[in-house]
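User: I am new to this structure and would like a close look at a single part of it. Could you take one helix and walk me through how it sits against its surroundings?

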Amino acid sequence: MTDTTETTDTTDTTDTAREVPRYSLVLPEGFIELPDGEPTEEKLHALASAVAVRFGLPEDTEIDQGLAGIAAMLMTLGASAEAGGAHYNAAAVFRSAQDAQRPLMLVVSCFVFGTERTSRHTAVAALEQYYGNQADTEVEVVELPVGEAVVTRTATPSALEVGEETVEITNHAITAWIPSPAVSDILGVSVTSNNTEDWTDIADLARGIFETVEWLPDEDDTA
């Protein structure tokens with residue numbers, strides 16, 4: 001993959017139905033935050049403009065059918081992740097490091113859910129047991145800068161109808177499940193892609209993103 005040497009901070013403090021703990025992570029240059037909420041023409045146009053700039057086109061580039069199609073696909077991916085509980089989604093399109101003519105697209109999504117565990121060790125053990133019992137899921141306990149976490153990997157085959165043809169694709173996901181400092185919440189940072197040929201590179205990039213997660217003090221603590 002290319003264009004991944006520079007980074008930008010992405011901090012989520014969005015209010016949701018439950019209070020999201022404050023944290024930050026760093027995404028490689030080239031990621032575009034996907035709009036949340038109901039899709040609108042205004043959001044589609046803004047996202048298409050961001051995609052155009054990402055590919056080196058002027059900000060006032062006319063949005064043609066190709067750019068609109070890419071934006072619509074990205075919005076669909078973001079909406080799907082949001083429906084699954086994600087409060088933050090970003091996507092990027094890179095060139096394959098193995099084949100410069102092959103584009104690859106990946107999405108980063110962040111989730112938070114509550115836990116009744118009272119220590120990081122018990123939370124990690126529960127995560128390891130739960131995901132270890134899920135079919136076709138690889139589970140690994142890792143030590144991140146923010147502490148011990150569980151990383152899961154899945155590969156789910158599916159079929160995509162393209163005209164009269166059926167194309168078989170595999171949706172890959174690698175997710176770090178990270179207990180919060182108070183162990184009252186678990187943060188999930190997930191990287192997904194259907195690019196099988198470059199999945200090893202994408203998984204390496206994902207692990208680099210997991211390493212950047214930091215917990216931030218509550219706003220009340222900084223007042």
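Analyst: What follows is a close look at helix α1, beginning with the protein as a whole and ending with a single residue of the helix.

The model is a predicted one, and its secondary structure comes to five helices and ten strands. Of the 223 residues of the protein, 39% count as buried, and among the contacts between residues at least 6 apart in sequence, 57% join residues at least 24 apart.

Helix α1 covers residues 41-54. With its 14 residues, α1 reaches 20 Å from its first C-alpha to its last, which is close to the 20 Å expected at 1.5 Å a residue. Just after the helix comes G56, which takes a positive phi of about 85 degrees.

Two packed helices are described by the angle between their axes and the distance between the axes. For α1 the partner to consider is α2, residues 65-83, and the two pack at an angle of about 110 degrees with their axes 8 Å apart. Since angles of 65 to 115 degrees count as roughly perpendicular, α1 is therefore roughly perpendicular to α2. The crossing in which α1 passes α2 is right-handed.

Turning to the residues that make this contact, α1 contributes K43, L44, L47, A48, V51 and A52, while L67, A68, I70, A71, A72, L74 and M75 come from α2. Sorted by class, this contact has twelve nonpolar residues and one charged residue, with no polar ones. An α-helix has 3.6 residues a turn, so residues three or four places apart point the same way.

The buried residues of α1 are L47, A48, S49, V51 and A52, and of these, L47, A48, V51 and A52 also appear among the residues that meet α2. What covers the buried residues of α1 includes not just α2 but also the strand β3, residues 32-33.

A52 is a residue of α1 worth following on its own. Because its relative accessibility is 1%, and buried means under 20%, A52 counts as buried. Leaving out residues up to four places away in sequence, A52 touches L57, T61 and L67, and L67 is one of the α2 residues named in the helix contact. Between A52 and A71, which lie 19 residues apart along the chain, the C-alpha atoms are separated by 9.8 Å, and A71 too is listed on the α2 side of the contact.

Key. Residues numbered from 1 in each chain as written. Predicted model: local features only at pLDDT ≥ 70, side-chain atom pairs only at ≥ 80, totals over all residues. Heavy atoms only, no water. Axes fitted to C-alpha atoms, helices over the stretch in contact; angles between N-to-C directions. Helix = DSSP H or I, 4+ residues; strand = E, 2+ residues; numbered from the N terminus. Parallel < 35°, antiparallel > 145°, perpendicular 65-115°, else oblique. Left-handed = near helix turned anticlockwise from the far one by under 90°. Contact = heavy atoms within 4.5 Å. Nonpolar A, V, L, I, M, F, W, Y, C, P; charged D, E, K, R; others polar. Expected span 1.5 Å × (residues − 1). Buried < 20%, exposed > 50% of the residue type's maximum accessible area, 1.4 Å probe, protein only.
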